[in-house]
Amino acid sequence: METNSDREPPAFECHDVSVSYDRKPVLYGIDVSVPGGSLCGIVGPNGAGKSTLIKAAMGLLPVEGGWVRMFGRPLDEVRPRVAYVPQRTSVDWDFPVNVMDVVLMGCGGKAGLWRRPTAADRELARESLEMVQMLPYADRQISQLSGGQQQRVFLARALAQRADLYFMDEPFTGVDAATERAIVTLLEGLRAKGGTIVAVHHDLTTAPEYFDRVILLNMRLVAAGPVEEVFTAELLQKTYGGRLTVLSELALRAQEARARRGV
Amino acid sequence: MNEMIAVMARLEVPWFDAEEVLIAPWTRYADATVWMVLMAVLLGVPCALLGNYLMLRRMALAGDAISHSVLPGLVISYLIFRDLGTLPMMGGAMVAGLVTTVLIEFITGRSRLKTDAAMGITYTTLFALGMFLVNRYAGRVHLDADCVLFGELEYVPLAEPSGLRAGGLGPVPMPVVVAAAMAVGTLGLLAVFSRWLLVTSFDAGFARSVGIRAGAVHYGLMAVLSVVVVTALESVGLLVAALLVLPGATAQFFARRMGRLHGLAAVFAVTASLAGIHLGAWLNCPSAAAIALAGGVQFGVAWGVSVWMRGRGVEGGVGGAG
């Protein structure tokens, strides 16, 4: 893996990225580099700009200065290799479509949405639904899904994009424990096949277990790198401020967990 | 009984007479009625499908806003070209529609105001500007403000004839030809862009992430809406908003997929047109208003039926099968 990332440009890299909402800055000069084949969590308090970083990377928000590269190129040149999973709550789940319709949106990217879905598209969509154990729900109207099922449908749509780099906005929010476990297994499977995942994550207790890299964010970049180096009491404190005891305990627990896994 | 007849007579409600109520409205001026029905359907069906997308994008009242704000576009276009022909009017409407859209986006983007407020500000101001221009240049503008506001579906059969002839019915009135062209163009565009419209309506962020320019789709939709609205303005006036909102709102009680939503909305547009023209001919009231009224009643009835169906567990109509 290390030799691989030496030769290939990082899957995701941004330099000096700043973003403002309504002239109020939310991200200042972010420099991040995520090598291919990693599972990277974006961690930080509420309002730290975690979702904003993902949206800026995908070109959904205007970036002031700086640049973003995926696989060493601007996003427009490698779009088919990049998939984006928005927050589940960002869409209207009463929309008149069924599960299959949503997953088909991921087949073939922009060009795929220009034509009617082909038999191959449907097969790809079914495979993707199978990967998240949602195939039996293919004909369900989306308003009849639970939160966890909605999240899995969004993941299936991203899987149908057959991308190499996945940006996920809070994929674990509002899902039950079983779904969370299933999603983690799925993400690990993607990584095993050389995929890269960058996901916004809220839960500090599970972050070191789920991810091999973290980006600690609080409007500015606090630190980014492998979990072992970055997920420390000191840096977490810098990210979250105050609340020392909780954070050092978390870092300690993370260290113990790593020790158990023999990292 | 006598008392009741007296009351009905005072209200000018005709006493029930099957011939008079059910058949005469269709036979009295059969030829003219054919053109009115055709016009109502040619306007109603594209409006219904376009309205579905507007509603799904939470812009159900965009049609209402545009129908008001095209007025200055029409006046200015007339003052420039001195022509009330189809092309200058369409051009003026399209420009006005796009200016409206740009202004609404500008206000929501640069201030704290939300879309509904930005819409209210934009269309009332532009409509007022239109009224101002009509009156200021009244001598030179041969725009009938009443006609723009309320429309006259009854005038369609009397409008200037086009070069086309339709067998025994004689020459096809010009507005019908224009409406047919608009309907074909609109339905064609909606068909070609159906999945882009679907994905940008459902999840604009995702659509943009795969490279679809959601903003361009939005402006395109507004441009088409402007053309549809101005085509409809002369016949149904500002009630075009009813054609845009009511059929889709009625259809969504029974549809859980896009195809069925579109199909049912088209059917409800046609039934409202037929019922409205019937009502208009029978009670001698403006057909445009009667169509909107019929559409509203239809919505209420459909709501009741859908509640009843769900109560009876008739999921086939309402549920997942859709």
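These legends go with a set of close-up views of a predicted model with chains A and B.

**View 1. The largest pocket, seen around its centre.** About 1700 Å³ of space sits in this pocket. Its lining runs to 46 residues, and the ones nearest the centre are Leu60(A), Glu105(B), Ala204(B), Gly205(B) and Arg208(B). So much for the middle; the next view turns to the walls.

**View 2. The walls of the largest pocket, element by element.** Chain A brings in strand S1 (12-21), which supplies at least two residues of the lining. From chain B, helices H4 (62-81), H5 (86-110), H6 (115-136), H9 (194-202), H10 (204-209) and H11 (214-236) each supply at least two as well. Which helix gives the most to this lining? That's H5(B), with six residues. Sort the lining by residue class and you get 21 nonpolar, 14 polar and 11 charged.

**View 3. Where chain B meets chain A.** Here 24 residues of chain B are in contact with 34 residues of chain A. Between them the two chains bury about 2800 Å², with 61% of that on carbon and sulfur atoms. On the chain B side, Arg195(B), Phe202(B) and Phe206(B) lose the most area to chain A, and together they account for 30% of what that side buries.

**View 4. Salt bridges and polar contacts between the chains.** Three salt bridges are counted between chain B and chain A. In one salt bridge, the side chains of Arg58(B) and Asp92(A) come together at 3.7 Å, N to O. Polar contacts between the two chains number 13 residue pairs, both partners at pLDDT 80 or more.

**View 5. The side of chain B that touches chain A.** H9, H10 and helix H13 (258-283) of chain B each put at least two residues into this side. The largest share comes from H9(B), which gives six residues. By class, this side of chain B holds 12 nonpolar, five polar and seven charged residues. H9 and H10 of chain B also turn up in the lining of the largest pocket, each with at least two residues.

**View 6. A cavity in chain B.** How many cavities of 30 Å³ or more does the structure hold? Just one, and the volume of the largest cavity is about 50 Å³. Lining this cavity are Ala242(B), Leu243(B), Leu246(B), Pro247(B), Ala269(B), Ala272(B), Ile291(B), Ala292(B), Gly295(B) and Gln298(B). Helix H12 (240-251), H13 and helix H14 (287-311) of chain B are the elements that give two or more residues to the lining. As for chemistry, the cavity lining has eight nonpolar residues, two polar ones and no charged ones.

Key. Residues numbered from 1 in each chain as written. Chains lettered and ligands numbered in written order. Predicted model: local features only at pLDDT ≥ 70, side-chain atom pairs only at ≥ 80, totals over all residues. Heavy atoms only, no water. 1 Å grid on protein atoms, 1.4 Å probe; cavity = no way out; pocket = protein on both sides within 12 Å on 5 of 7 lines; lining within 4 Å. Points joined across faces, edges and corners; volume = space filled by probe spheres on them. Helix = DSSP H or I, 4+ residues; strand = E, 2+ residues; numbered from the N terminus. Nonpolar A, V, L, I, M, F, W, Y, C, P; charged D, E, K, R; others polar. Contact = heavy atoms within 4.5 Å. Buried area = accessible area lost by both parts, 1.4 Å probe. Salt bridge = Lys/Arg side-chain N within 4 Å of Asp/Glu carboxyl O. Polar contact = N/O pair within 3.5 Å; in protein donor to acceptor, adjacent residues only side chain to side chain.
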